Amino acid sequence: GTIEAFDSKLKYLNPRLKNWIVRGIFGIIMVSGFSFVVYMGPLAITILILAIQVKCFHEIITIGYVVYKSHHLPWFRTISWYFLITSNYYLYGESLIEKFSILLRKDNLLAPFVIYHRFISFSLYTAGFVGFVLTLKKTYYLKQFTLFGYTHLALLLIVTQSNLMIQNVFEGLIWFLVPISLIICNDIMAFAFGFFFGKTKLI
């Protein structure tokens, strides 16, 4: 009876041990990768933030695409991505050009984009709005305007936050690393506390 009880406990512990090993390995990989990006400096961090922004936007737009069953509205995704590019151009066009002004000195082709930045941004947004109006269908007005608002809400939440994060990066890496570290420590301790002391499974 004692041996059988020990075997049952061993079988129970094995999956948990494997879970710790897998999480430990991937944790080391993620920490190492993130440390390398931070070591590479502000430009690498900016690229990482933009990559995460695009992925988050893709996830949210996909959810909207499925929830609102807009498979018969082929231009929804195209217009959503167009507005993502437009909003990024508007937010980063003026702010980041000052940080990378050396590019402006090397290539005068960028000068018109800086001088007429707001006019170009307004024209791009207006063109997107006109494109949205041209795709309207009589029987789907409510759904299309709902998706239009959904896209802009996603832009407001994701693009604005990433822009503020990048501004923090260029004000000093400490203003980027401290909030990120707080989130990382909170997630790790929440997992560890739940693993050792938790009784009710969330999933």
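A pocket here is an open set of grid points with protein on both sides within 12 Å along at least five of seven lines, and its lining residues have an atom within 4 Å of a point. With that in hand, here's a quick tour of the empty spaces in this predicted model, plus a look at one glycine, Gly93 in helix H3.

**The largest pocket**
- There's about 810 Å³ of space in the largest pocket, and 27 residues line it.
- Head for its centre and the closest lining residues are Met30, Ile180, Ile184, Asp187 and Ile188.
- Helix H1 (2-40) is the top contributor to that lining, giving ten residues.
- Helix H2 (42-67), H7 and helix H8 (174-197) also chip in, with at least two residues each.
- By class, the pocket lining splits into 19 nonpolar, six polar and two charged residues.

**The cavity**
- Just one cavity of 30 Å³ or more turns up in the structure.
- The largest cavity has a volume of about 160 Å³, and 14 residues line it.
- Trp75, Phe76, Ile79, Phe132 and Thr135 are the lining residues closest to the cavity's centre.
- Two elements give two or more residues to this lining: helix H3 (75-99) and helix H7 (141-171).
- H3 gives the most, with five residues.
- Sort the cavity lining by class and you get nine nonpolar, four polar and one charged.

**Gly93**
- Gly93 belongs to helix H3.
- Leaving out residues up to four places away in sequence, Gly93 touches Asn88 and His117.
- Phe113 is 20 residues from Gly93 in sequence, and their C-alpha atoms are 8.1 Å apart in space.

Methods: Residues numbered from 1 in each chain as written. Predicted model: local features only at pLDDT ≥ 70, side-chain atom pairs only at ≥ 80, totals over all residues. Heavy atoms only, no water. 1 Å grid on protein atoms, 1.4 Å probe; cavity = no way out; pocket = protein on both sides within 12 Å on 5 of 7 lines; lining within 4 Å. Points joined across faces, edges and corners; volume = space filled by probe spheres on them. Helix = DSSP H or I, 4+ residues; strand = E, 2+ residues; numbered from the N terminus. Nonpolar A, V, L, I, M, F, W, Y, C, P; charged D, E, K, R; others polar. Contact = heavy atoms within 4.5 Å.
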